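Reader: I am new to this one. Can you take me through the terms?

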Amino acid sequence: MVDRIKSGITGLDPLVSGGFVKNTITSIYGSPGAGKSIFCTEFLRQGLLEGEKVFYFSLEQNLESFLRAAEALGFNEFKQNVGTNFIFTKMSGHDFKNFLSIDMPKILEGRKGKHSRVVIDPLTPFLWEIRDPALQRSILGDTFAMLHEFGTGLVTIERYGDINKLELSEDIAIPLYLSDSVILMSMAFNQNFYQKAISVIKIRFSSHSSGMHPFDITEKGIQIFQDQPVF
Ligand SMILES: Nc1ncnc2c1ncn2[C@@H]1O[C@H](COP(=O)(O)OP(=O)(O)OP(=O)(O)O)[C@@H](O)[C@H]1O
Ligand SMILES: [Mg+2]
């Protein structure tokens, strides 16, 4: 039996045998605007609702814009827990290698909760900065090992290319291999509209849905329609 935690995303847990496996790392691999950051926000909110410590390492947003986006979804828990159970860090757009190897461990050090959730949104700039596969693997391997020990992690990876094809290109092979779980957030084009869809690509230590599940983002966040076909 593995220990599971609630993902916090409406409709996701039944697709992943009841929730994320504790102390694993999930990569959210998704198209621009697919809802990766909202996914991360809901994952962390669930932690706050359960009294956990949660950490958001963001490249794009500062704390103010993050709180504004969370409030737009009706989530007030972040504001109430800033600096206590909610630790927000804006990452710099360069020198990611040092950020992952030096800064992030320092921020996490001594701050472990009864259970902790950690998000890196997005991880992609690191993959652009460190092109050498051996170095990429070594640094990410260390980072993921540290996160495994610390809590349950979520990283986002931006996806480009044909939205109707699952292209696992070589540039993202290492993080996807090192992740315990991979979830794809895509948009399928149907005549004249884009339907958002979520698929579980892999989950170590667990069975999972092999379907492509449509979802919408509403003012309440992500809603996955488990039993409906994409079109
Ligand atoms: N309050 C809201 N109500 C309804 N839909 C929303 C709301 N906020 C965001 N969205 C939808 O979510 C999308 C953006 O979500 P999010 O920022 O999580 O995507 P992302 O995958 O992180 O994007 P990026 O590639 O820019 O990082 C918007 O394009 C919109 O469709
Ligand atoms: Mg985003």
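Author: Below come a few terms and the reasons for them. The model is predicted.

Reader: What makes a residue count as part of the shell around ligand 1?

Author: Its C-beta atom, placed from the backbone, must lie within 6 Å of the ligand. The shell has 14 residues, and Pro32, Gly33, Lys36, Ser37 and Ile38 are the closest. Two elements give two or more residues each: α1 (36-49) and β10 (212-218). The most come from α1, with three.

Reader: What is the make-up of that shell, nonpolar, polar or charged?

Author: Six residues are nonpolar, five polar and three charged. Gly counts as polar here.

Reader: How do you know which residues Leu44 touches?

Author: Contact needs C-beta atoms within 7 Å. Leaving out residues up to four places away in sequence, Leu44 touches Val54, Tyr56, Arg117 and Val119. Leu44 is also among the residues with the most contacts inside the largest nonpolar core, which has 54 residues. Others in that group include Phe43, Phe57 and Ile183.

Reader: Why are β5 and β11 called edge strands?

Author: The open sheet has nine strands in the order β5-β4-β6-β7-β3-β8-β9-β10-β11, with mixed pairing. β5 (86-90) and β11 (221-224) each have a single partner strand, so one side of each lacks a neighbour in the sheet. On average, neighbouring strands are turned by 20° against each other, direction ignored.

Reader: How do you know that β9 and β10 pair?

Author: Pairing takes at least two bridges. Strand β9 (residues 193-203) and β10 have three, in the antiparallel sense, so they pair. Ala197 has Pro214 in β10 as its bridge partner.

How values were computed. Residues numbered from 1 in each chain as written. Chains lettered and ligands numbered in written order. Predicted model: local features only at pLDDT ≥ 70, side-chain atom pairs only at ≥ 80, totals over all residues. Helix = DSSP H or I, 4+ residues; strand = E, 2+ residues; numbered from the N terminus. Core = buried A, V, L, I, M, F, W, Y, C linked by C-beta atoms within 7 Å. Buried ≥ 20, exposed ≤ 12 C-beta atoms within 10 Å, placed from the backbone. Contact = placed C-beta atoms within 7 Å. Axes fitted to C-alpha atoms, helices over the stretch in contact; angles between N-to-C directions.
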